[in-house]
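Me: I'd like to go through this one slowly and check where each label comes from. Here it is.

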Amino acid sequence: MKKLAFKHKLNFVDSELKNLKQKNLYRKMKYGIANGSKITINNKQFLNLCSNDYLGIPTSKIQIKQLQSSSRLVSGNDESYRKLEEALAKHKSHQNCLIYPTGYMANLGAISAIAKKGDLILSDELNHASIIESCKLTDAKISIYKHNDMQDLNKKIKQKGKNKFVITEGIFSMDGDLSSLKQITEISNKSNAITIVDDAHGDFVIGKDGKGTPDHFKVAKEIDLYISSLSKGLGSFGGYVSSHNNVIDLCVNKSKSFIYTSALPSFLVEYSFKRFQSNREKQKRKLVKNTEQLTKGLKQVGFEINSTSQIIPIIIGDEKKAMQFGNFLFDSGIFAQPIRYPTVPKNQARLRISVTAWLSGTEIENSLKIFEKAYKKFYN
Ligand SMILES: Cc1ncc(COP(=O)(O)O)c(C=O)c1O
C-alpha cells in the first residue's frame, strides 16, 4: 500500500522526464576516463573535442594531505590559499582575491554579496546560468540587454538604480565570441556603474601572460570585479573573485556560497598553484595554433564559423538533428557533446567544439575528415 502511494506522489517526475524526451532535451551522462587528447568511454577511445582543459598543462604531481573538512571561516583555511590568492590577485592587478569551491559558487557569492534591492543589474542575454541565478538572489532590478549590443546597453543603463552593475562574460561560453569590453567599460564608467566580468573561458587563455579578456582589450584597470574558474584554462578546480580589498572583505562576510560550505580541498589549491606557475605560455601558443588549424579547416569544409576563440560552435538549430550529428561523430570516434535548450535558446542547438593544447596537428587533420563526412550527411 505504502509503496503505491509513494509511486503515485512521484508521478509528476515521470511526466517531466517524458516531456524532456519528447522534446529531445533529455540528458544522460556518459562515464569516461580522460587521457591527454583522448577519452575512453565504455572501453573505446575517442578524440576529446569537448574538454575545457584548454591549455592542456601536463599533469602536475600533488600530494593528497589530510583534508581540513570545514568552512574556510572555521578551520578550513589551509595556508595554501594564501599563496594562490596572492598570486591570482597579482595576475589580475587587483588588491585582493577570494577562492570559492567552484566558479559557479564564485558568481553566486560575489554578485549576491554586492548587489541588493534598489540596485540595477544590466546583464547580457547570453550570460551563463550561474550569473543568471546569482542576479535572481539579489532582489535588484534585472535588466537584460541584447547580446553584446552597446546601443541597447546604453539605453537600459539610463534606468533608475541606487547602484548600477554591468555583468558580462569575457569569452561567451556557448558562442565563443568576445564581449565588447572596451565599449562596455566606457558606457559603465559614464553611468558610474560597476563592471563585473565572468572570464571563466578567457582567463589564462588570452591576454598578455593569460591575464584574460580585459587585458586583451587593455581595459583591465576598468574592471571592478573579475570572476573566474580554475577548472577551464588552468585545468584544475575551483573559482575565484578578484577586486578591491573592501569588496573581498564584503564577500568573506556576506557570500553564502563561501560561508556555508566546506573549503575546496587544499591539495586542489596546491594543484592550481603548480599549474599557474607552469610554462603556460608554451601551452597557450599551442592552443592558438590548434584553434587556427581547426577553425580554418571547418570553414574549408563548409561550416559557418563565427567564433574568434578556442570555443567553436557549429550551430545546427533543431535539437533532434543536433543529437544525430553528435551521435554520428561519436560513432566515428569523436567525442563532442551537442548543446541544447536551456543551455542555449530553443532551436539554436549546436555542437560545441572546444580546442585544447592537448591535440596534435595530425589529430585535428583526421578529425576534419570526419567533419567533412558529417557536413555531407547533414548539410546536403
Ligand atoms: C561563463 C561561466 N561561468 C562560470 C562557470 C562555472 O565554473 P565552474 O565550472 O568552475 O563552476 C562556467 C562553467 O561552465 C562558465 O562557463
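Me: How many nonpolar, polar and charged residues does the shell around the ligand have?
Reply: By class, there are 2 nonpolar, 10 polar and 3 charged residues. Ala, Val, Leu, Ile, Met, Phe, Trp, Tyr, Cys and Pro count as nonpolar, Asp, Glu, Lys and Arg as charged, and the others, Gly among them, as polar. Keep in mind that this is a predicted model, where local features need pLDDT of at least 70, side-chain atom pairs count only at pLDDT 80 or more, and totals for chains, interfaces and linings use all residues. Residues are numbered from 1 along each chain as its sequence is written, and side-chain values use heavy atoms, leaving out hydrogens and water.

Me: What makes the pair formed by His-201 and the ligand a polar contact?
Reply: A polar contact is a pair of N or O atoms within 3.5 Å (within protein, one must be able to donate a hydrogen and the other to accept it, and residues adjacent in sequence count only if both atoms are side-chain atoms). A polar side-chain atom of His-201 sits 2.6 Å from a ligand oxygen, so the pair fits that limit. A side-chain N or O atom of Ser-229 is 2.8 Å from a ligand oxygen.

Me: Why is Thr-291 called buried?
Reply: Buried means under 20% relative accessible area, exposed over 50%, and partly exposed in between (1.4 Å probe, protein chains only). Thr-291 has 13%, so it's buried.

Me: Which residues does Thr-291 touch, not counting those up to four places away in sequence?
Reply: Ser-309, Gln-310 and Val-355, where contact means heavy atoms within 4.5 Å.
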